[in-house]
Amino acid sequence: MDAQGGCLCGNIRYKAENQPVRVTICHCRFCQRATGGAYLVEPVFDAQDFLVTKGSPKRYVHVSEGSGKKIFIHFCDTCGTKLFLTFQRFENFVGVYGGTFDDPNWFELTPENTKQIFLGVAQRGTVIPPHVNTYLEHATERDGTPVAPKVFDAPYIIGNC
């Protein structure tokens with residue numbers, strides 16, 4: 001199975017050769033700013049399952065406020081589309097800006113493979129689905145210790161106390 005995607009102008013193309021290992025829906029301020037939206041839908045792939053098939057993306061290096069580690073943002077320098085992320089902290093993974101796939105609905109979103117992070121800074125009015133692991137910040141501490149998730153039994157709207 002190959003799922004393909006690319007930038008707005010078509011200069012950069014990529015493919016993912018398997019389902020993502022997980023899907024992170026991130027509400028942090030970095031992802032809000034990077035997408036211009038309320039959150040990033042980020043299917044995460046083993047690096048060996050992801051390949052740039054056309055062009056050479058440019059790379060911007062950003063230091064994460066949360067982890068202090070580098071995040072590498074790969075983008076098209078012609079049209080400016082952000083395509084994927086690689087990480088100092090998670091060297092063997094690639095996180096894709098989900099909306100850049102030709103079919104952004106091709107990968108599975110299930111309670112088992114999906115988590116929502118940084119709900120503590122999520123935009124008001126964002127609806128969080130039930131039965132999905134959620135976290136106020138990251139799902140792990142800086143040292144890798146897992147954080148216990150909160151799971152809602154019904155849809156939860158950010159900002160409704």
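Across the whole structure, a search finds 10 aromatic pairs. One of these joins Phe101 and Trp106 in an edge-to-face arrangement, with 5.5 Å from centre to centre and 70° between the planes. The model examined here is a predicted one. Both members of the pair are buried: the relative accessible area of Phe101 is 4%, and Trp106 has a relative accessibility of 16%. Because the limit for a buried residue is under 20% relative accessible area, Trp106 at 16% still falls in that class. The two residues also belong to one aromatic cluster, formed together with Tyr14, Phe45, Phe50, Phe84 and Phe107. A ring is involved in another kind of arrangement at Phe93, where the charged end of Arg22 sits over the ring at 4.9 Å from its centre.

Phe101 and Trp106 appear again in the nonpolar interior. The largest nonpolar core comprises 16 residues, and Val96, Phe101 and Trp106 are those with the most contacts inside it. Strands β2 (13–16), β8 (82–87) and β9 (93–96) each contribute at least two residues to this core. A second core, separate from this one, has 14 residues, including Cys28, Ala34, Ile71 and Leu85. When residues up to four places away in sequence are left out, Phe101 touches Ala3, Gln4, Gly5, Tyr14, Ala16, Pro43, Phe45, Val96, Trp106 and Phe107. Among these contacts, Tyr14, Phe45, Trp106 and Phe107 are also members of the aromatic cluster with Phe101.

The strands are arranged in an open sheet of eight, in the order β6-β7-β8-β9-β4-β3-β10-β12, and the pairing is mixed. The edges are held by β6 and β12 (133–134); each has a single partner strand, so one side of each has no neighbour in the sheet. In general, the strands of a sheet pair through backbone hydrogen bonds, in either a parallel or an antiparallel sense.

At the β6 edge, strand β6 (residues 58–63) and strand β7 (residues 70–75) pair in the antiparallel sense over six bridges. Within this pairing, Arg59 has His74 of β7 as its bridge partner. The two strands form a hairpin with six residues between them, and in the turn Gly68 has a positive phi of about 75°.

Further along the sheet, β8 and β9 are also antiparallel, with three bridges, and they form a hairpin with five residues between them. Phe84 has Val96 of β9 as its bridge partner. Val96 is thus placed in the sheet opposite Phe84, and Val96 is also among the residues with the most contacts inside the largest core. On its other side in the strand order, β9 is followed by β4. Strand β4 (residues 40–46) pairs with β9 in the antiparallel sense over three bridges. Here the bridge partner of Phe45 in β9 is Val94. Phe45 and Phe84, each with a bridge partner in β9, are both members of the aromatic cluster.

Strand β3 (residues 22–26) contains Thr24. This residue is buried, with a relative accessible area of 5%. Beyond residues up to four places away in sequence, Thr24 touches Leu40, Val41, Glu42, Val44, Lys115 and Ile117. Lys115, one of these contacts, stands opposite Asn133 in β12. Strand β10 (residues 114–117) and β12 pair in the parallel sense over two bridges.

No disulfides were found, the search of the whole structure giving zero. The sulfur of Cys9 lies 3.7 Å from that of Cys7, its closest cysteine sulfur, which is too far for a bond. Likewise, the closest cysteine sulfur to that of Cys76 is in Cys9, at 3.7 Å, again too far for a bond. A disulfide requires sulfur atoms within 2.5 Å. Cys9 is partly exposed, at 36% relative accessibility, whereas Cys76 is buried, at 1%.

Gly159 lies in the segment after β13 (156–157). The residue is partly exposed, with a relative accessible area of 46%. Gly159 and Val52 are separated by 107 residues in sequence and by 39 Å in space, C-alpha to C-alpha.

Technical notes: Residues numbered from 1 in each chain as written. Predicted model: local features only at pLDDT ≥ 70, side-chain atom pairs only at ≥ 80, totals over all residues. Heavy atoms only, no water. Core = buried A, V, L, I, M, F, W, Y, C linked by side-chain atoms within 4.5 Å. Buried < 20%, exposed > 50% of the residue type's maximum accessible area, 1.4 Å probe, protein only. Helix = DSSP H or I, 4+ residues; strand = E, 2+ residues; numbered from the N terminus. Contact = heavy atoms within 4.5 Å. Phe/Tyr/Trp six-rings, centres within 6.5 Å; stacked < 30°, edge-to-face > 60°. Lys NZ or Arg CZ within 6 Å of the ring centre and 35° of its normal. Pairing = 2+ DSSP bridges.
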